[in-house]
Amino acid sequence: MDMAAKFQDQLVFHMTGKRAGDGLSPVDGADLRPALLARYRDLTQLRYDYPVVLVEGDGDDYALSLSALVNRTLAEVAPRGIEGERLRRHGLRLERELRMLLAHGAAGRVSELWKAAAARIAGDADGNSAEVLARAGDSLTVDGALVDCDAALPARLLAHAWRNVQRGKAQRFRALVDQLVRKLTDIRRAAFVNSEAGRRPEALRAAVGAGHADVFDFVAMSRLVARHAPKDELPAARRDRIEWALSVLRAQRFYPDPAASNDAPPLAFEFDNCAAAVEAYRARLPQVVELVKALAIAELEAAGAYVEADHDPFFERYDESALTADDLALFPDYLVCIPRGRNDAPENASLMEMLSSGLPVKVLVQVDDLIDEASIGTGHFAFGVRSARLATTAMGLGGMFVLQSPSSNLYALRERVRRGLACRGPALFAVYDGDPNASSALPPYLAAAAAMESRAFPAFTYDASAGGNWAARFSLENNRDPDADWTVESFEFADDALQRVRERIAFTYADFVLCDRRHTAHFAVVPRDRWNAAMLPVSDWLARPDGETTDRVPYVWAVDTDDRLHRVIVDARLMQAARRALLLWHRLQEHGGIHNSHAEQLLTRERAAWEAQKQQELDSVRQAGKAAATVEAEAAAPAAAPPTNEAAVERAPSDEAWIETARCPSCGECRNINDRMFGYNENKQAYIKDIDAGTYRQLVEAAEACQVAIIHPGKPRNPNEPGLAELLERAKPFL
Ligand code: SF4
């Protein structure tokens, strides 16, 4: 078979996803992984962010990585010199043992696991080192559960951080309430002492105390002091108000009260679904109103500032509409950790509504699958973007805190997590846990890290309270190479002549999908003797203009279990998904101020305006009034005026591309794909600004991306555009 025929096999596979002949091998059963992950075979041998200690106590540092704890401990116990070096070596060995214990299912507090690990290495370490390390375990500076990066981590870490934040709120609340209770009690006691009842013999005896009870004649004393005492020094209305406020403050169940006389347990604020949290919030609202009212009255009474003529009418009408953000901030936030696999359950259907209504709720949505095979080519969302969109959609609602991150990156973002949990109002934490039904060939930590590296699930935070613009609110956090399309790393291997070769390899969306055993059909292995110059790395293939990829086949580098290098070609459907992931990444980059199309557009507009103005001035000088009038007339007749809503509604479907402008909710998806082709009218609703400014592929992709399916791509204008057959098929649901 000649080389052209061999390459034809590859081209056919790329276009159709079908292997013909024996020139290509299946990926199934080959146990391949992306070449850049070759060095991460055994995570227990590496030092990285996990496992982490969920630190007990009230400090802000609620989590500490095991490596940081070992470093800290060794810095305390290891002396300088050879002896210290030996101890440090054994300390690192102990850290590895702890990782292995967790990998084999051990669980518990770090102090207990430390002892177990110290016992395991005792035989290998010299006697002194083993003893020092074992003793160090008794005096660790922190303690708490040691947890690995698995499917349970996001909920455990978030709930732990939430409790840490709530303890701080509880302390502030108790300090406020205890102080008010003390002041109101003092007012009541002082009034009693000066009243007729307070000057009765038994009250005087109680006031003097048992030590001097025999020295005084309390009956005679009472006769003397009670002569002009009022029946009750506190006016009845004031006494009632104080009594009522005290009873409400003492009976509240929002926070635990160590001095409480009632046995009613504090209210629970941790839920596993949105509906239950909303129901609890609504049911408790009257108690919130009552407690806020009691606090306000108590503060006024304690300061002697309650004026019945002013305050009575105000408090009579006091209801939930009077609650302020400051009031609500006094109360615990609601935590909703939606269990894996329950994101689409009916009880969670109101997630977005709940977040947009501003309830003080913190929600963890655990994303367990980023690759949605069923949606490929169905005319709806493209492959693999639904889960990745949740956080960006929430960000579009504004007014909240949003964090998106894979679980592998949560420890690095722990400060942000805490900030989100401590913020006023709602917060969404969308976390990919790296364990799609155990179908990943990688351990959860590595799968999660691969999702972030490949742009399949980039990390970002959006904090509406951080400032008035995107620069203050949005952060791309610690994504690697944030300016670039893909992360790139150096990769070294030995070629056929056993010479060292170094390549710069991009880690792409296709590499991420290669790790998922469910999607092996999108890949085929090319034998080494059929490698050829028409094969392009996925990143290079994607970087080419559409027309320049037709005779090229994209591939990723992969290694097998023996670390043999392979080229694995990728079919067109997966490449479409990779392109889509890249588009979403570009949108995040824009939010982060990278390659900002608005800035670039503004620059172009300003330059054009400046040039036009200069031209106009020149024309004015040259031709005087008539020429200037001509310029104005031309300017007043733009070539493609944005359609009004009415015009867009009336327009009938045709072979021409068009948009139902009046129905456009301005999500901006189409403009992210090509903002020269799609524009906004005066109502910020999309229309086709310049049909010739983009390709039919972009029209179809915009139609697929449009959340309300109002883009109709019509028929292709360029019959020579590559891939038209496939595009026409995809366009069908939108014609
Ligand atoms: S036309 Fe569709 S994709 Fe474009 S802005 Fe409107 S809703 Fe979004």
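**Close-up views of a predicted model**

**View 1. Arginine 579 sits in helix H20, which covers residues 572-591.** Keep in mind that this is a predicted model. Is arginine 579 buried or exposed? Its relative accessible area is 15%, and buried means under 20%, so arginine 579 counts as buried. Look for the residues it touches: Trp541, Leu542, Asp546 and Glu701, leaving out residues up to four places away in sequence.

**View 2. Strand E18, residues 565-570, is mostly covered.** How many of its residues are buried? The count is 6 of 6. Follow the strand and you'll see its side chains pointing two ways: Leu565, Arg567 and Ile569 go one way, while His566, Val568 and Val570 go the other. Whichever way they point, all of these residues are buried.

**View 3. Strand E18 pairs with strand E15, residues 523-526, in the antiparallel sense.** The two strands are linked over 4 bridges. To find your way around this pairing, pick out valine 525, which stands opposite valine 568 in E18.

**View 4. Strand E17, residues 553-559, also runs antiparallel to E18.** Here 5 bridges do the joining. Which residue stands opposite histidine 566 of E18? That's alanine 558. E17 and E18 make a hairpin, with 5 residues between the two strands. In the turn, check out aspartate 563, which has a positive phi of about 60°.

**View 5. Proline 360 lies in a loop between helix H13 (351-356) and strand E8 (361-367).** Why does proline 360 count as buried? Its relative accessibility is 9%, and the cut-off for buried is under 20%, so proline 360 fits the label. Now find glycine 425: proline 360 and glycine 425 are 65 residues apart along the chain, yet their C-alpha atoms are separated by 4.3 Å. Glycine 425 is also one of the contacts of proline 360, together with Tyr281, Asp333 and Tyr334, once neighbours within four places in sequence are set aside.

**View 6. The ligand has 13 residues around it.** Which of them come nearest? They are Cys664, Pro665, Cys667, Cys670 and Cys706. Sorted by class, the shell around the ligand holds 10 nonpolar residues, 2 polar ones and 1 charged one.

Terms used: Residues are numbered from 1 along each chain as its sequence is written. This is a predicted model: local features need pLDDT of at least 70, side-chain atom pairs count only at pLDDT 80 or more; totals for chains, interfaces and linings use all residues. Side-chain values use heavy atoms; hydrogens and water are left out. Buried means under 20% relative accessible area, exposed over 50%, partly exposed in between (1.4 Å probe, protein chains only). Contact means heavy atoms within 4.5 Å. Two strands pair if DSSP finds at least two bridges between them. A residue is near a molecule or strand if one of its heavy atoms lies within 4 Å of it. Ala, Val, Leu, Ile, Met, Phe, Trp, Tyr, Cys and Pro count as nonpolar, Asp, Glu, Lys and Arg as charged, and the others, Gly among them, as polar.
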